[in-house]
Amino acid sequence: MPNQKRIRDYGIKIGKLEPGFYNSITDVEGVTVGHVTLDEQDIQTGVTAILPHQGNVFKEKLVASSHVINGFGKSIGTIQINELGTLESPILLTNTLSIGTATDALIGYMLEQNPEIGRTTGTVNPVVCECNDMELNDIRKRSITEEHVIQALRQTSKEVMEGSVGAGRGMLCYSLKGGIGTSSRLMELNHGTYTMGVLVLSNFGTLSDLKVNGKAVGEELKRALPKAREEKDKGSIIVIVATDLPVTERQLNRIIKRSVTGLSRTGSTIANGSGEVVIGFSTATKIPHQKPSHLLSIPMIHVEDMDIAFRAVGEAIEEAVLNSLVTATRVSGRDGNERLAFKDVVEEYNIELG
């Protein structure tokens, strides 16, 4: 992974399960992530792209589900995911007023790969999610272009930069700098070892609510920074959950609903103005777009195996949120607005996290 100091480098171990090799969503085989970051005066924004697998996602769809914890958001593509239970495009993250541009670019990307779309078969369901970065980014300029989106899609990697990058460039978390975070957990079952990986775009919370591994760090930070601006919680978080666990759409939906356990352990209260949207997919089964002559089979775990998946997703999300905080860098943007980096404050004031 890139040389960034993550929450475990502060001596903090979240949960009971072990992480994967990268401790990232990309520990799920086939998943890659790419960013394009815009950093120029009042333009502090970007795009993050997640490829669910390295083949043609339209022709080889994945079992998928989405869950709205609080619906103050403008995500695209979740209706069809929940109706059909499949994912057929990469997933894009960006700022709120750039979802139209991102959607157009993603449609173009899919049309280029699949000339049959709109001719001999149906259309495509692009998936784009957003958070509002207007505090640091002049969101009205709508600076994201289709070229930025295509670049993010074409430069994905298993090594994921976190913090103030990509769609996370202008995001706030617990009144400090937030952004992109990722983590993973290994799940040992009697029929194999599986991976749960998550990636978050964090843009929520107020400083005094922040908790790190159960410790009320936010209260201590607030005392150390009496002049710090504590934002009203009106942001959002997007959670992308990937797994190679063999599950049905219904089982996957049950798993991603447990995202709230990880969020709440960091201090989230799921505020009125905060949009929390979760999208999950499993790479265990690829569903062909073209109807085959035989029956399709979808392997699934037994209901008794669900508890470890519930634990894994909660732990990974908790750690991913904390990684988004500790890897973020200080950013100045629109109208001179600035947000401190969590790591700078912790080190300057010698605040113990454990």
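Which residue in E11 is the bridge partner of Gly197? Select Gly197 and look across to E11: the partner there is Ala242. Keep in mind during this tour that the model is predicted.

**The sheet**

Widen the selection to the two strands around that pair. Strand E10 covers residues 192-203 and strand E11 covers residues 236-243; the two run antiparallel and are joined by eight bridges. In general, the strands of a sheet pair through backbone hydrogen bonds, and the pairing can be parallel or antiparallel.

Next, add the other strands. E10 and E11 belong to an open sheet of six strands, ordered E4-E3-E12-E11-E10-E9, and the pairing in this sheet is mixed. At its edges are strand E4 (86-87) and strand E9 (179-189), each of which pairs on one side only.

**Two helices across the sheet**

Select residues 249-257 to show helix H5. Helix H5 lies across strand E3 (60-70), E10, E11 and strand E12 (275-288), and its direction makes about 40° with E3.

Now select residues 306-326, which form helix H7. Helix H7 lies across E9, E10 and E11, running at about 155° to E9.

**Salt bridges**

The structure holds 16 salt bridges. Three of the pairs are visited here, beginning with one between H7 and E9.

Show the side chains of Glu319 and Arg185, which meet in a salt bridge at 2.6 Å, N to O. Because Glu319 lies in helix H7 and Arg185 in strand E9, the pair ties together parts that are 134 residues apart in sequence. Are these two residues buried or exposed? Glu319 is buried, with a relative accessible area of 0%, and Arg185 also counts as buried, at 0% relative accessibility. Add Arg8, Arg311 and Glu315 to the selection: together with Arg185 and Glu319, these residues are linked in a network of salt bridges.

Move to Lys61 and Glu88, whose side chains meet in a salt bridge of 2.8 Å, N to O. Lys61 is in strand E3, while Glu88 is in the loop between E4 and strand E5 (91-95), so the pair links distant parts of the chain, 27 residues apart. Both Lys61 and Glu88 are buried.

Then select Arg334 and Asp335, where the side chains meet in a salt bridge of 2.7 Å, N to O. Asp335 is exposed, with a relative accessible area of 65%.

**Last stop**

Finish at Asp104, which is found in helix H2 (residues 99-113). Asp104 counts as partly exposed, at 44% relative accessibility. Select Ile14 as well: Asp104 and Ile14 are 90 residues apart in sequence, and their C-alpha atoms are 39 Å apart in space.

Notes: Residues are numbered from 1 along each chain as its sequence is written. This is a predicted model: local features need pLDDT of at least 70, side-chain atom pairs count only at pLDDT 80 or more; totals for chains, interfaces and linings use all residues. Side-chain values use heavy atoms; hydrogens and water are left out. Helices (H or I, at least four residues) and strands (E, at least two) are DSSP runs, numbered from the N terminus. Buried means under 20% relative accessible area, exposed over 50%, partly exposed in between (1.4 Å probe, protein chains only). Two strands pair if DSSP finds at least two bridges between them. Contact means heavy atoms within 4.5 Å. Axes are lines fitted to C-alpha atoms, for helices over the stretch in contact, and angles run from 0 to 180 degrees between N-to-C directions. A salt bridge is a side-chain nitrogen of Lys or Arg within 4 Å of a carboxyl oxygen of Asp or Glu.
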